[in-house]
Amino acid sequence: MSAVGIVAAAGSGSRLGADRPKALVELAGRPLVAWAVDTLLAGGVGEVVVVVPAAERETVAAVLPGSVRLVDGGATRTASVRAGLAAAGAAADAVLVHDAARPLTPPDVVARVLDALAAGALAVVPVLPVVDTTVAVDAAGTVATALDRAALRRVQTPQGFSRRVLDAAYDDLPVGEELTDDAAVVRALGIPVTTVAGDERAAKVTVPHDLHLAELQVRR
Ligand code: CTP
Ligand code: MG
């Protein structure tokens, strides 16, 4: 099975609030996007497409291996992944979609996703259990109900798909409809999404505290 990786790196990183787009923010001296590309290649992905902010093409190209293809992103993550998928070579029979914002994802997670696809899954997401009591609140912020934590999972990336299935799912999704991840796009087609074990180190860098934690991890 051959796999192409798409790295969504075209966001602005408004919650991180850095002086540059999040994918170019450095962790231990290397931009987050470079860490994410390394993870996919080390985990067994053969070809990588990185979706970048149009204004940052040159800057991103300078920090990535020459074999990586770059494509301009869109205004939303859904639009960016759609652009990445259109630019991905037709040869691969699997696609992994990964966030540039998850720099310390261990290659083992990539390998688990690829293994599940090789075993026949059409869609695979890495997940972690929910460890805190989790509740739903009403508009006033009052607890309305406690959720059954045992049935809940936190979903990470890379998410893996049969190429045919992900292409069909994006073709079917009306342009302008935004979903928070790619498994949701596929589920809209009624395709079952398999889970494999995620990893706490695949945590997403969203706010400054997350970057601080990532720095502590690489320093050890
Ligand atoms: N992303 C993208 N194109 C967009 C928006 C997001 O490729 N138009 C990517 C980001 O670069 C990131 C991943 O999707 O790697 C997850 O999104 P998120 O963590 O929300 O990143 P940002 O949108 O950049 O951050 P924020 O929402 O705080 O602005
Ligand atoms: Mg965002």
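Which residues line the second largest pocket? Point 4 takes this up, after the largest pocket and its ligand.

1. **Status of the model.** This is a predicted model. Please read every distance and angle below in that light.

2. **The largest pocket.** Start here. The largest pocket holds about 770 Å³ of space. Its lining counts 32 residues, and those closest to the centre are Arg15, Lys22, Arg77, Asp99 and Lys204. Two elements to find in the structure are helix H3 (77-87) and strand S10 (153-155), each of which supplies at least two residues of this lining. By class, the lining has 11 nonpolar, 12 polar and 9 charged residues.

3. **Ligand 1.** The largest pocket is where ligand 1 sits. Around the ligand are 18 residues, with Ala8, Ser14, Arg15, Ser80 and Lys204 the closest. This shell divides into 6 nonpolar, 7 polar and 5 charged residues. Three contacts deserve a look. In the first listed here, an N or O atom in the side chain of lysine 204 is 2.7 Å from an oxygen atom of ligand 1. Lysine 22 also brings a side-chain N or O atom to 2.9 Å from an oxygen atom of the ligand. Alanine 75 uses its backbone instead: an N or O atom there lies 3.3 Å from a nitrogen atom of ligand 1. On its own, ligand 1 has 560 Å² of accessible area, and the protein covers 87% of it. Lysine 204 is worth selecting on screen, as it is listed among the residues closest to the pocket centre and among those closest to the ligand.

4. **The second largest pocket.** Now the opening question. The residues that line this pocket are Val125, Val155, Asp181, Ala183, Ala184, Arg187, Val193 and Thr195. The space inside is about 150 Å³. Helix H6 (residues 182-187) gives the most to the lining, with 3 residues. The lining divides into 5 nonpolar, 1 polar and 2 charged residues.

5. **A cis peptide bond.** Check the backbone at proline 158. The peptide bond that leads from threonine 157 to proline 158 is cis, and its omega is near 5 degrees. Proline 158 belongs to the loop between S10 and strand S11 (159-162). Strand S10 has already appeared above, as a contributor to the lining of the largest pocket.

6. **A positive phi.** Alanine 28 is the other backbone point to inspect. Its phi is near 50 degrees, a positive value in a residue other than glycine. Where is alanine 28 found? Alanine 28 lies in the loop that runs between strand S2 (26-27) and strand S3 (30-31).

Key. Residues are numbered from 1 along each chain as its sequence is written. Chains are lettered from A and ligands numbered from 1 in the order in which they are written. This is a predicted model: local features need pLDDT of at least 70, side-chain atom pairs count only at pLDDT 80 or more; totals for chains, interfaces and linings use all residues. Side-chain values use heavy atoms; hydrogens and water are left out. On a 1 Å grid over the protein atoms alone, a cavity is a set of points where a 1.4 Å probe fits but cannot get out, and a pocket is an open set with protein on both sides within 12 Å along at least five of seven lines; lining residues have an atom within 4 Å of a point. Grid points are joined across faces, edges and corners, and a volume is the space filled by probe spheres set on the points. Helices (H or I, at least four residues) and strands (E, at least two) are DSSP runs, numbered from the N terminus. Ala, Val, Leu, Ile, Met, Phe, Trp, Tyr, Cys and Pro count as nonpolar, Asp, Glu, Lys and Arg as charged, and the others, Gly among them, as polar. A residue is near a molecule or strand if one of its heavy atoms lies within 4 Å of it. A polar contact is a pair of N or O atoms within 3.5 Å; within protein, one must be able to donate a hydrogen and the other to accept it, and residues adjacent in sequence count only if both atoms are side-chain atoms. Accessible areas come from the Shrake-Rupley method with a 1.4 Å probe; for residues, only the protein chains shown count as cover. A molecule sits in a cavity or pocket if more than half of its atoms lie within 2 Å of its grid points.
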